[in-house]
Every structure is written in structure tokens, then in C-alpha cells.
Amino acid sequence: METQELLEQTKELAVLIKQSKLYQEYLGALEVVKKDEELYRRINEYRRIRMMLQMNDVNQTLQESGRIRWEYDSVLRNEQALAFFTVERRLIKLLRDINHCVMDGIELDVDFLQ
């Protein structure tokens, strides 16, 4: 199978994911939070900070987590934001599982990551 064929099948997988109930739930939750511009802005701030923390030192992450939770408490307790975070986390887990399935199915030397 050639590279182009693999890419085409990957696009087909993306279409299947977009058609899934989970992805539709994600789009619905995203639409709800986007209706409240301030909430959406705060959600994105929180997501950006969490992503940066996850890429940093574990000790720093633990120290900052408490501060971030306090600072974004109103967002984290918002019903629409919680629904969005929950479905987003489930979608990310699905994408991660798909990636692991692909990586586990091929022999790629990734010992350097350990």
C-alpha cells in the first residue's frame, strides 16, 4: 500500500470519527459554550494554561494546579463548561487510543522516549 492510499484511509477514519455520537456531542457542547463569549474565553485560557503546565516539570505542575483551580473555580463549576470538558476529555481519549492502536500495531523504535 502506498503512502497516498494510507492517507486516504486516514481521511476516511476522520470522517467516521466526525460521524460518531461522541464527536457530535463534542460539537454540541462546544456550540453551547461559544454562545457565552466570556465563558468561552475563560475556558480557552484555562485549557491553554493546563496544556502549558502539562508540558512542564511535575513539581511545578503540582504547585500551579491549586492556584489555577482557585483562579478558574467559576469556570470549573459552570455546568456548560463541565459538560464541554467532559466530552472533550472523552474525545481526546478516543484519539489517544486510536494513536496507541496504530503505534502498537507497527514496529517503530521509540526506546529513546523511555
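This short presentation covers how several helices pack in a predicted model, and then its largest pocket.

Good morning, colleagues. I shall begin with helix α2, which spans residues 21–34, and take its partners in turn.

The first partner is helix α1, residues 3–19. The axes of α1 and α2 come within 5 Å, crossing at roughly 65 degrees. On the α1 side, the contact is formed by Ile17, Lys18 and Gln19; on the α2 side, by Lys21, Tyr23 and Gln24. By class, those residues comprise 2 nonpolar, 2 polar and 2 charged.

Next comes helix α3, residues 37–54. Here the axes of α2 and α3 approach within 7 Å, and the crossing angle is roughly 120 degrees. The pair is therefore classed as oblique. From α2, the residues Tyr26, Leu30, Val33 and Lys34 meet Glu37, Leu39, Tyr40, Ile43 and Arg47 of α3. This contact contains 6 nonpolar and 3 charged residues, with no polar ones.

The third partner is helix α6, which covers residues 79–105. Its axis and that of α2 come within 9 Å and cross at roughly 145 degrees. The crossing of α2 past α6 is left-handed. Helix α2 contributes Leu22, Tyr23, Glu25, Tyr26, Ala29, Leu30, Val32 and Val33. Helix α6 contributes Gln80, Ala81, Ala83, Phe84, Val87, Glu88, Arg90, Leu91 and Leu94. In this contact, 13 residues are nonpolar, 1 is polar and 3 are charged.

May I draw your attention to Tyr23 of α2, which takes part in the contact with α1 and also in the contact with α6. Tyr26, Leu30 and Val33, for their part, appear in the contact with α3 and in the contact with α6.

I now turn to the pocket. How much space lies in the largest pocket? The value is about 480 Å³. Its lining is made up of 13 residues, and those closest to the centre are Arg50, Gln54, Glu88, Arg89 and Ile92. Helices α3 and α6 each provide at least two lining residues. The greatest contribution comes from α3, with 6 residues. Which classes of residue make up this lining? There are 7 charged, 5 nonpolar and 1 polar. Glu88 has thus been named in two settings: among the residues closest to the pocket centre, and in the contact of α6 with α2.

Finally, let us consider Arg50, another of the residues closest to the pocket centre. Arg50 belongs to helix α3. Beyond its neighbours within four places in sequence, Arg50 is in contact with Ser65 and Ile68. Between Arg50 and Ile68 the separation is 18 residues in sequence, and their C-alpha atoms lie 8.3 Å apart.

Thank you for your attention.

Key. Residues are numbered from 1 along each chain as its sequence is written. This is a predicted model: local features need pLDDT of at least 70, side-chain atom pairs count only at pLDDT 80 or more; totals for chains, interfaces and linings use all residues. Side-chain values use heavy atoms; hydrogens and water are left out. Axes are lines fitted to C-alpha atoms, for helices over the stretch in contact, and angles run from 0 to 180 degrees between N-to-C directions. Helices (H or I, at least four residues) and strands (E, at least two) are DSSP runs, numbered from the N terminus. A crossing is left-handed if the near helix is turned anticlockwise from the far one by less than a right angle, and right-handed if clockwise. Contact means heavy atoms within 4.5 Å. Ala, Val, Leu, Ile, Met, Phe, Trp, Tyr, Cys and Pro count as nonpolar, Asp, Glu, Lys and Arg as charged, and the others, Gly among them, as polar. On a 1 Å grid over the protein atoms alone, a cavity is a set of points where a 1.4 Å probe fits but cannot get out, and a pocket is an open set with protein on both sides within 12 Å along at least five of seven lines; lining residues have an atom within 4 Å of a point. Grid points are joined across faces, edges and corners, and a volume is the space filled by probe spheres set on the points. Angles under 35 degrees count as roughly parallel, over 145 as roughly antiparallel, 65 to 115 as roughly perpendicular and the rest as oblique.
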